[in-house]
Amino acid sequence: TINGLPTVSGVANTQTQSGQQVRVTVYGYEFSATNAYAIVSITLLSANDPFSSLYQSVKKLTDAEAKAIRPRRVDIVTAKAGDTVESLAARMAYSDYKTERFRVLNGMAPGATLRKGQKVKIIVLG
């Protein structure tokens, strides 16, 4: 049981097609008689499991917690003359790492710039 939820977990060591040794971990959580959710992770066999705190953090939300959630969505925008990575990243619905998140979301290397008419993704509040 984790945070009051009936839980089952399993671990298996295996290797990828390229021969890399990996560990597959599965955690299943029963939320009701008809709803269950699972987290599956694959990590290097030699590494400590970076997801242990994630497995332990799963819980049912209270009604108040659920109502407080502000969903985010992906919006596609077209860069206009004068737009920069920084100016569009400033519109991202995050309080930190806006530029870094923007670059990752759009597959842009550090130093890459926008061109007029380029379509990019930003995360906005839904």
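## Cores, chain and selected residues

In this predicted model, the largest nonpolar core holds 13 residues, and those that touch the most other members are Leu-88, Phe-102, Leu-114, Val-120 and Ile-122. Two or more residues of this core come from each of helix 3 (85-89) and strand 5 (119-125). Strand 5 gives the most, with 4 residues. A second, separate core has 7 residues, including Tyr-27, Tyr-29, Ile-39 and Val-58. In soluble globular proteins, nonpolar side chains tend to be buried together.

What does Phe-102 touch, leaving aside residues up to four places away in sequence? The contacts of Phe-102 are Val-85, Leu-88, Ala-89, Met-92, Met-108, Leu-114, Val-120, Lys-121 and Ile-122. Among them, Leu-88, Leu-114, Val-120 and Ile-122 are named with Phe-102 as the core residues that touch the most other members.

The chain as a whole comes next. The protein chain has 4 helices and 5 strands, and along the sequence they follow the pattern β-β-β-α-α-β-α-α-β. The radius of gyration of the protein chain is 20 Å, whereas a compact globule of 126 residues would have one near 14 Å. The C-alpha trace spans about 55 × 45 × 25 Å along its principal axes. Buried residues make up 23% of the 126 residues. Of the contacts with a separation of 6 or more, 44% are between residues 24 or more positions apart. The accessible surface comes to about 8,700 Å², and carbon and sulfur atoms account for 54% of that surface. The chain carries 16 positive and 9 negative charges, and the mean positions of the two sets are 8 Å apart.

Thr-25 lies in strand 2 (residues 21-30). Is Thr-25 buried or exposed? Thr-25 counts as buried because its relative accessible area is 3%, under the 20% cut-off. Not counting residues up to four places away in sequence, Thr-25 touches Gly-10, Val-11, Ile-39, Val-40, Ser-41, Asp-49 and Tyr-55. One of these, Ile-39, is also a member of the second core.

Most residues other than glycine have a negative phi. Two residues with a positive value are listed below.

| Residue | Phi | Place | Relative accessible area |
|---|---|---|---|
| Asn-3 | near 50° | segment before strand 1 (7-15) | 47% |
| Tyr-97 | near 50° | loop between helix 3 and helix 4 (98-105) | 56% |

Asn-3 is partly exposed, because its 47% falls between the cut-offs of 20% and 50%. Tyr-97 counts as exposed, because its 56% is over 50%.

Methods: Residues numbered from 1 in each chain as written. Predicted model: local features only at pLDDT ≥ 70, side-chain atom pairs only at ≥ 80, totals over all residues. Heavy atoms only, no water. Buried < 20%, exposed > 50% of the residue type's maximum accessible area, 1.4 Å probe, protein only. Contact = heavy atoms within 4.5 Å. Core = buried A, V, L, I, M, F, W, Y, C linked by side-chain atoms within 4.5 Å. Rg over C-alpha atoms; globule rule 2.2 N^0.38 Å. Areas by Shrake-Rupley, 256 points an atom, 1.4 Å probe, with all protein chains shown as cover. Lys, Arg positive; Asp, Glu negative; His and termini not counted. Charge placed at Lys NZ, Arg CZ, Asp CG, Glu CD.
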